[in-house]
Amino acid sequence: MTTLTPRKPAIPQPEGDVAPAPGPRPAQDPAWRELVDAVRDSGQYATRPEAESVTRIVLSALGGHVVGDERVDLARALPEEAARVVASQIPATRPLTAAEFVDSVAARIEGATPATARWDVSSVLSVLPSLVGDELVTRILNQLPPGYALLFGRAELTPAA
């Protein structure tokens, strides 16, 4: 059994690149609310605002690392607010390993450690397969360096030698 310790709410750092997108308020979008609620359940967050902040930060980080058709398809499959967060990111100049990705998320969350950031990342990414489909997640994972599958709640299978 895992024991969770209280944490500070996930709050983007002032230099963070996550800003509310223009348009309808996300709280009014039922699909966005369902996504945030799924993340809240998955991550056992105490409040909805904490789950929403974590969702925005992780999707923002992911948005810079998914490119091409997979990025377009991911944005199409997500609720409108989540799609804006993903699509508004500038593509990364180099792919990050899964550990570097988690560290980059930790840098965006006040008081986060690599362990709590891994929890946050997994809490968001593990709800995506049921939302966007396993086939799209497989395509996204094929684009990313090894190690990301576990963050999406999948086993990392390697071919036998």
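In this predicted model, a good place to start is where helices H2 and H6 meet. Their axes come within 9 Å and cross at roughly 85 degrees. An angle from 65 to 115 degrees counts as roughly perpendicular, so H2 and H6 are roughly perpendicular to each other. On the H2 side, the residues that meet H6 are Val54, Thr55, Val58, Leu59 and Leu62, and on the H6 side their partners are Asp120, Val121, Val124 and Leu125. Sorted by class, this contact has seven nonpolar residues, one polar and one charged.

H6 also packs against H1. Here the axes come within 8 Å, and the crossing angle is roughly 135 degrees. H1 and H6 are therefore oblique to each other, and H1 passes H6 in a right-handed crossing. From H1, the contact is made by Val39, Ser42 and Gly43; from H6, by Trp119, Ser122, Ser123 and Val124. Three of the residues in this contact are nonpolar and four are polar, with no charged residue. Val124 of H6 is worth finding on your screen, as it is part of the contact with H2 and of the contact with H1.

Now step back to the chain as a whole. It has eight helices and zero strands, so if you follow the sequence from one end to the other, the pattern reads α-α-α-α-α-α-α-α. Of its 161 residues, 42% count as buried. Among contacts with a separation of 6 or more, 70% are between residues 24 or more positions apart.

What lies inside? In soluble globular proteins, nonpolar side chains tend to be buried together. The largest nonpolar core of this model contains 43 residues, and the ones that touch the most other members are Phe101, Val105, Leu125 and Phe152. Elements that give two or more residues to this core are H1 (30-43), H2 (48-63), H3 (68-77), H4 (80-87), H5 (98-106), H6 (114-125), H7 (128-132) and H8 (134-143). H2 gives the most, with seven residues. To see one of the well-connected members up close, zoom in on Val105: leaving aside residues up to four places away in sequence, Val105 touches Ile57, Val58, Ala61, Ala117 and Val121. Two of these names, Val58 and Val121, will be familiar from the meeting of H2 and H6.

Helix H4 offers another view of the interior. Its buried residues are Glu81, Ala82, Ala83, Val85 and Val86. H1, H2 and H3 are among what covers them.

Let us finish with two exposed residues. Which loop holds Gln44? Gln44 lies in the loop between H1 and H2. With a relative accessible area of 55%, Gln44 is exposed, because exposed here means over 50%. Its backbone deserves a look as well. Most residues other than glycine have a negative phi. Gln44, although not a glycine, has a positive phi of about 55 degrees.

The other exposed residue is Asp69, found in helix H3. Its relative accessibility of 57% is why Asp69 counts as exposed. Asp69 and Ile140 are 71 residues apart along the chain, and their C-alpha atoms are separated by 9.6 Å.

Notes:
Residues are numbered from 1 along each chain as its sequence is written. This is a predicted model: local features need pLDDT of at least 70, side-chain atom pairs count only at pLDDT 80 or more; totals for chains, interfaces and linings use all residues. Side-chain values use heavy atoms; hydrogens and water are left out. A nonpolar core is a set of buried Ala, Val, Leu, Ile, Met, Phe, Trp, Tyr and Cys residues joined through side-chain atoms within 4.5 Å. Buried means under 20% relative accessible area, exposed over 50%, partly exposed in between (1.4 Å probe, protein chains only). Helices (H or I, at least four residues) and strands (E, at least two) are DSSP runs, numbered from the N terminus. Contact means heavy atoms within 4.5 Å. Axes are lines fitted to C-alpha atoms, for helices over the stretch in contact, and angles run from 0 to 180 degrees between N-to-C directions. Angles under 35 degrees count as roughly parallel, over 145 as roughly antiparallel, 65 to 115 as roughly perpendicular and the rest as oblique. A crossing is left-handed if the near helix is turned anticlockwise from the far one by less than a right angle, and right-handed if clockwise. Ala, Val, Leu, Ile, Met, Phe, Trp, Tyr, Cys and Pro count as nonpolar, Asp, Glu, Lys and Arg as charged, and the others, Gly among them, as polar.
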